[in-house]
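I opened this structure to look up how its parts are held together. My entries follow in the order in which I made them.

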Amino acid sequence: MAEGKSVLTNILLSDDSRGFIECLRELEYNINLNENEKTLEIYGGVSENKNKITRINVRSAGTAARFLTAMLAAYNTGEYIIDASKQMRSRPMKVLTDALVNLGCNIEFLENPGSLPYKLTSRGLSGGEIIIDPKQSSQFTSALLMTGCLHKNNLIIKTSGKETSKTYIDITLKMMKDFGVNVNTPEDGVYIVNYGQKYKPGLYNIEPDVSGACYFYAAAAITGGSVLVRDVYYSSMQGDIKFLEVLEGMGCETKETDEGIIFKGPENGRCKGVEVDMNGFSDQAMTLAAIAPFASSPVIIKNIGHIKYQESDRIGAILTELTKLGIKCEVLPDIEGIKIYPGNFNNSDIKLIETYEDHRMAMAFALIGLRVKNIRIANPSCVSKTFEDYFGVFEGIY
C-alpha cells in the first residue's frame with residue numbers, strides 16, 4: 001500500500017510467505033525476491049482492477065486471507081475471487097467479511113456463508129464506526145487497522161469483549177507507524193485510523209521469527225542442554241518472547257549476549273510445573289503442552305480458548321495426542337484452558353503423532369522425541385507453512 005519501492009530484508013521463506021507473494025504478483029505488483037539473500041523488493045501502491053476478475057489463492061495462510069481481503073475491499077474498483085486450501089476454507093472469516101460488508105463491500109460466498117472461497121466486488125469502503133468481536137482471531141482487527149487509511153472517512157474500530165493475542169495488534173500498530181500511518185487509541189479496545197494518511201515506502205528489516213525459535217529453547221529445557229538462537233533479543237516486539245519467561249519459571253537460565261539469548265535448561269531437564277496465562281502468545285501453548293509431562297508438577301495453561309479456531313482444533317489435538325501417549329490431561333472450561341499432569345511414556349511402542357495438517361503440532365510434539373523413544377510424526381512436511389527446514393535444523397542440534 002506504500003506508493004513506490006520498499007525493500008524488506010531477513011524475509012522468512014515458507015509456504016505462507018510464498019503464497020502471499022504469489023497473490024501479490026497475481027494482483028500485478030512488481031516483486032523481486034532474492035532467496036539467497038532473503039531480501040524482497042516490492043513496488044507498491046493502490047491498484048485498480050476495472051476490466052477483469054482477478055483470482056488469487058491464499059493457500060493456508062490466515063494472514064494472507066485476512067489482510068488481502070481487507071486491502072482489496074478498500075480499493076476503489078475491482079472484482080476478485082479469493083480461494084484457499086481446504087484447511088483455510090474451514091477457518092473463520094465471518095467477523096471480517098461482516099465488517100467489510102457493513103462498510104460497503106459486496107461479498108458473494110461461493111460455497112459456505114462466512115467462509116472462503118468468495119467473490120469480492122470492491123467500491124471502496126466508507127469508514128465510520130465498526131464493532132467487531134476479537135475472540136476468534138487478532139487478524140481481523142489487524143486487517144481493518146492496516147487498511148483503515150484507505151477508507152473514505154475516519155475508521156473507528158471498537159472491539160467487543162477481551163482481545164485475543166493483543167501482542168499481535170501491538171505489532172500491527174508499530175509497523176503501521178514505521179511506514180508512516182498513525183492510529184489513535186483513546187481507550188482499550190478502541191482504535192481510530194484517520195483517513196488521508198499514506199504509507200511511505202522504505203527499507204524494513206524483519207525480526208527473526210521468535211515463534212520458530214521457541215521450539216529450540218524448549219528442547220534445551222527438557223534435555224538440560226543449552227542453545228543460542230542468533231539475533232533474538234528480549235527487546236523483540238513479538239509476543240512469543242514471553243515464552244522464555246515461562247521457561248525461566250520452570251527452572252531454566254538465560255543470558256543475553258551480542259549474538260542473541262543463550263538459554264540453558266535445568267539439570268537433567270527436570271522442569272517445574274507452572275500456571276500461566278498464554279493468551280498473548282498462544283502459538284506456544286502446544287510447545288508448553290508437549291514438554292509439560294516432563295515437569296515435576298502439573299502445568300496449567302489459561303486463556304487459550306481461541307486456539308480451537310486455528311489451523312486445527314489445537315486444544316482437541318493436544319488432548320488427543322497426549323492421552324494417546326498415556327499422559328493425563330483435562331480441559332478447564334472456566335479458565336478456557338487445559339491442565340497437564342506429569343507422566344511416564346511407554347518407551348517400547350512406536351507412537352505415531354497425528355499433526356492434523358498443523359505445523360505447530362508437528363514442531364511441538366517432535367520435542368517429545370528428545371526424551372522418548374519411537375516417536376513418529378505424521379505428515380512432517382506440514383511444517384513448511386512457516387518453517388521449511390525445521391526438521392533439518394532440528395536434526396542439526398540433535
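**Entry 1: strands and a helix**

I began with a single bridge: Thr9 has Asn205 as its bridge partner in β12. I note here that the model is predicted. I then looked up the strands themselves and found that β1 (residues 4-9) and β12 run parallel, joined by three bridges.

Which strands make up the sheet, and in what order? I read the order as β2-β3-β1-β12, an open sheet of four strands with mixed pairing. I wrote down β2 (30-34) and β12 (203-205) as the edge strands, since each pairs on one side only. Direction ignored, I get an average turn of 15 degrees between neighbouring strands of this sheet.

I also looked for a helix on these strands. Helix α1 (residues 15-26) lies across β2 and β3 (39-44), and its direction is at about 150 degrees to β2.

**Entry 2: strands β17, β18 and β19**

I moved on to strand β19 (residues 337-340), which runs antiparallel to strand β17 (residues 299-302) and is joined to it by three bridges. For Ile301 I found Ile338 as the bridge partner in β19.

Strand β18 (residues 329-332) also runs antiparallel to β19, with four bridges between them. Here Leu332 has Gly337 in β19 as its bridge partner. What lies between β18 and β19? I found four residues, and the two strands form a hairpin. I marked Glu336 in the turn for its positive phi of about 45 degrees.

Lys328 was my next stop. I found Lys328 over the face of Tyr341, at 4.5 Å from the ring centre.

**Entry 3: aromatic pairs**

How many aromatic pairs does the structure hold? I have eleven in my list. One of them is Tyr217 with Phe263, a tilted pair with 5.2 Å from centre to centre and 45 degrees between the planes. This pair links distant parts of the chain, 46 residues apart: Tyr217 is in helix α7 (residues 210-223) and Phe263 in strand β15 (residues 260-264). I noted both Tyr217 and Phe263 as buried.

I next looked up Tyr390 and Phe391. Their ring centres are 5.1 Å apart and their planes stand at 80 degrees, so I entered the pair as edge-to-face; the cut-off for that class is over 60 degrees. Tyr390 is buried, at 0% relative accessibility. Phe391 has a relative accessible area of 26% and is partly exposed. I also found these two in one aromatic cluster, formed by Tyr215, Phe216, Phe387, Tyr390, Phe391 and Phe394.

**Entry 4: salt bridges**

My count of salt bridges is 22. I looked at the one between Glu129 and Lys158, where N and O are 3.5 Å apart. Glu129 is in strand β8 (residues 128-132) and Lys158 in strand β9 (residues 155-159), so this pair ties together parts 29 residues apart in sequence. Glu129 is partly exposed at 47% relative accessibility, and Lys158 is partly exposed at 30%.

I then took Glu259 and Arg230, a salt bridge with its closest N and O atoms 3.9 Å apart. Glu259 lies in the loop between β14 (253-256) and β15, and Arg230 in strand β13 (residues 226-230); they are 29 residues apart and link distant parts of the chain. I have Glu259 as partly exposed, at 45% relative accessibility. Arg230 counts as exposed, at 59%.

Are Asp358 and Arg314 buried or exposed? I found both of them buried. Their side chains form a salt bridge of 2.8 Å, N to O. Asp358 is in the loop between β20 (351-353) and α11 (359-365), and Arg314 is in helix α10 (residues 314-324), 44 residues apart. I followed the shared partners from there and found one network of salt bridges that joins Asp16, Arg91, Asp283, Glu311, Arg314, Asp358, Arg360 and Lys385.

**Entry 5: Ser142**

Last, I looked up Ser142, which is in helix α5 (residues 139-147). Its relative accessible area is 3%, so I entered Ser142 as buried. What does Ser142 touch, leaving out residues up to four places away in sequence? I found Phe67, Tyr168, Ile169 and Thr172 in contact with Ser142.

Technical notes
Residues are numbered from 1 along each chain as its sequence is written. This is a predicted model: local features need pLDDT of at least 70, side-chain atom pairs count only at pLDDT 80 or more; totals for chains, interfaces and linings use all residues. Side-chain values use heavy atoms; hydrogens and water are left out. Rings of Phe, Tyr and Trp (its six-membered ring) pair if their centres lie within 6.5 Å; planes under 30 degrees apart count as stacked, over 60 as edge-to-face and the rest as tilted. Buried means under 20% relative accessible area, exposed over 50%, partly exposed in between (1.4 Å probe, protein chains only). A charge sits over a ring if NZ of Lys or CZ of Arg is within 6 Å of the ring centre and within 35 degrees of the ring normal. A salt bridge is a side-chain nitrogen of Lys or Arg within 4 Å of a carboxyl oxygen of Asp or Glu. Contact means heavy atoms within 4.5 Å. Two strands pair if DSSP finds at least two bridges between them. Axes are lines fitted to C-alpha atoms, for helices over the stretch in contact, and angles run from 0 to 180 degrees between N-to-C directions.
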